[in-house]
Amino acid sequence: MVMQLQQLRYFLAVEETRHFTQAADILGVSQPTLSKQIHSLESTLGAPLFERVRNAVALTAAGETLLPHARRMIADADAAQDAVKEIIGLRRGRVRVGATPSLCSSLVPPVLRRFRAEHPDVELLVNEGSSQDMIAHLLARDLDLALIVHPEQGVDPSLHAAPVLRESLVVASVAAGPPPTTNAQVELNELRETPLVMFRPGYDLRDVTLEACRRAGFTPRFAVEGGEMDAVLAFVEAGLGVALVPSMVLVNRPLLRATPLASPGMRRTVALAHRRRAILPHAASALRTTILEHIATGELPVGVHPL
């Protein structure tokens, strides 16, 4: 037989009141039920815990020995229960979320602001990197959630990646300079002789841009290459060239002009990914809900469409 927490609670109640009937009243059980549980605990331990002294009870030597252990076990159990309730109630917890640089600078900040307002005590850990990096971190269990650019070939079968929005790519150029075309929209082959600011190798948008140029029948000229999103935008602001970027990243960039691409244009799908068979922690599940609600109800830039 094994000691039960309920039996220890009964034991402590009797020790505090030194009376079975009073302890039963406090606990909201009948006196016979209380006596039966104490007797069962004594049988488990192999020694009596109380002895009768006049109209009350006193602890035996075995009861004195059990007392500090019982108090500690009940305190630990209560603390564990409170900790779990805090996490379930999102009074605390931790979320590890990843996103690409373009999403970290556009979609993620308002989402985290909204989540923080609702759950101020949840710790937020953000990992920024390429979609391939985010997928690797999910597989390694280093992240709970990740916003990635959904690859055409799909993701690892152990991951679940739900498309959440589709956004258009636009040509970013310095607003103070001449536009990349005299038309409202730019044909991709109009950029044949235009220097491009290019992302570093391994960056999602680099591969997309190079493939689109190849299909249009030309190899682009690079003005400068090797940057992440913030660096690429800064280089364009400096007038070094133009870049193909998601429309979202040009919000609050008054020094830059966004010129749409002519039909069929270029688009990318953003997905919210997590491990397929993993149960999301409560805080991560709440952040997932916030992301989906923001995409469904928030103000999204022109060229961005929820799925």
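This report walks through a predicted model, starting with its N-terminal helices and ending with a few local spots further along the chain.

## The annotated N-terminal stretch

UniProt, in an unreviewed entry, puts the feature "domain: HTH lysR-type" at residues 3–60. In the model, that stretch comes out as 62% helix and 14% strand. Its end C-alpha atoms sit 18 Å apart.

## How α3 meets α1 and α2

Let's take α2 and α3 to begin with. Helix α2 covers residues 20–27 and helix α3 covers residues 31–45; they pack at about 105°, with 9 Å between their axes. That angle makes α2 roughly perpendicular to α3. On the α2 side, the contact uses Phe20, Thr21, Ala23, Ala24 and Leu27, while α3 brings Gln31, Leu34, Ser35 and Ile38. Sort the residues of this contact by type and you get six nonpolar, three polar and no charged.

Now for α1 and α3. Here the packing angle is about 110°, and the axes are again 9 Å apart. At an angle of about 110°, α1 and α3 are therefore roughly perpendicular to each other. From α1, the residues involved are Gln6, Gln7, Leu8, Tyr10, Phe11 and Val14, and they meet Leu34, Gln37, Ile38, Ser40 and Leu41 of α3. This contact splits into seven nonpolar, four polar and no charged residues. Leu34 and Ile38 of α3 turn up in the contact with α2 and also in the one with α1.

## The two sides of α2

Phe20, Ala23 and Ala24 are the buried residues to look at in α2. They span an arc of only 100° around the axis, so they end up on the same side of the helix. Flip to the other side of α2 and you find Asp25 and Ile26, both exposed.

What do the buried residues of α2 pack against? Their partners are α1, α3 and two strands, β1 (50–53) and β2 (56–59). Phe20, Ala23 and Ala24 also appear among the α2 residues that make the contact with α3. Right after the helix comes Gly28, with a positive phi near 75°.

## Positive phi away from glycine

Two arginines are worth a click. Arg18 has a positive phi of about 55° even though it isn't a glycine. You'll find Arg18 in the loop between α1 (5–17) and α2. Arg18 is partly exposed, at a relative accessible area of 30%.

The other one is Arg141, not a glycine either, with a positive phi of about 65°. Arg141 sits in the loop that runs between α7 (131–139) and β5 (145–149). With a relative accessibility of 53%, Arg141 counts as exposed, given that the cut-off for exposed is over 50%.

## Around β10

Is Thr259 buried or exposed? Thr259 belongs to strand β10, and its relative accessibility of 6% makes it buried, since buried means under 20%. Setting aside neighbours within four places in sequence, Thr259 is in contact with Val170, Val171, Pro180, Thr181, Ala184, Gln185 and Val186.

A little further on, a cis peptide bond links Ser263 to Pro264, with omega at about 10°. Pro264 is in the loop between β10 (256–260) and β11 (267–275).

Note on methods. Residues are numbered from 1 along each chain as its sequence is written. This is a predicted model: local features need pLDDT of at least 70, side-chain atom pairs count only at pLDDT 80 or more; totals for chains, interfaces and linings use all residues. Side-chain values use heavy atoms; hydrogens and water are left out. Axes are lines fitted to C-alpha atoms, for helices over the stretch in contact, and angles run from 0 to 180 degrees between N-to-C directions. Helices (H or I, at least four residues) and strands (E, at least two) are DSSP runs, numbered from the N terminus. Angles under 35 degrees count as roughly parallel, over 145 as roughly antiparallel, 65 to 115 as roughly perpendicular and the rest as oblique. Contact means heavy atoms within 4.5 Å. Ala, Val, Leu, Ile, Met, Phe, Trp, Tyr, Cys and Pro count as nonpolar, Asp, Glu, Lys and Arg as charged, and the others, Gly among them, as polar. UniProt positions are given in the numbering used here, feature names are shortened, and annotations may be inferred rather than shown by experiment. Buried means under 20% relative accessible area, exposed over 50%, partly exposed in between (1.4 Å probe, protein chains only). The arc is that of the directions from the helix axis to the C-beta atoms.
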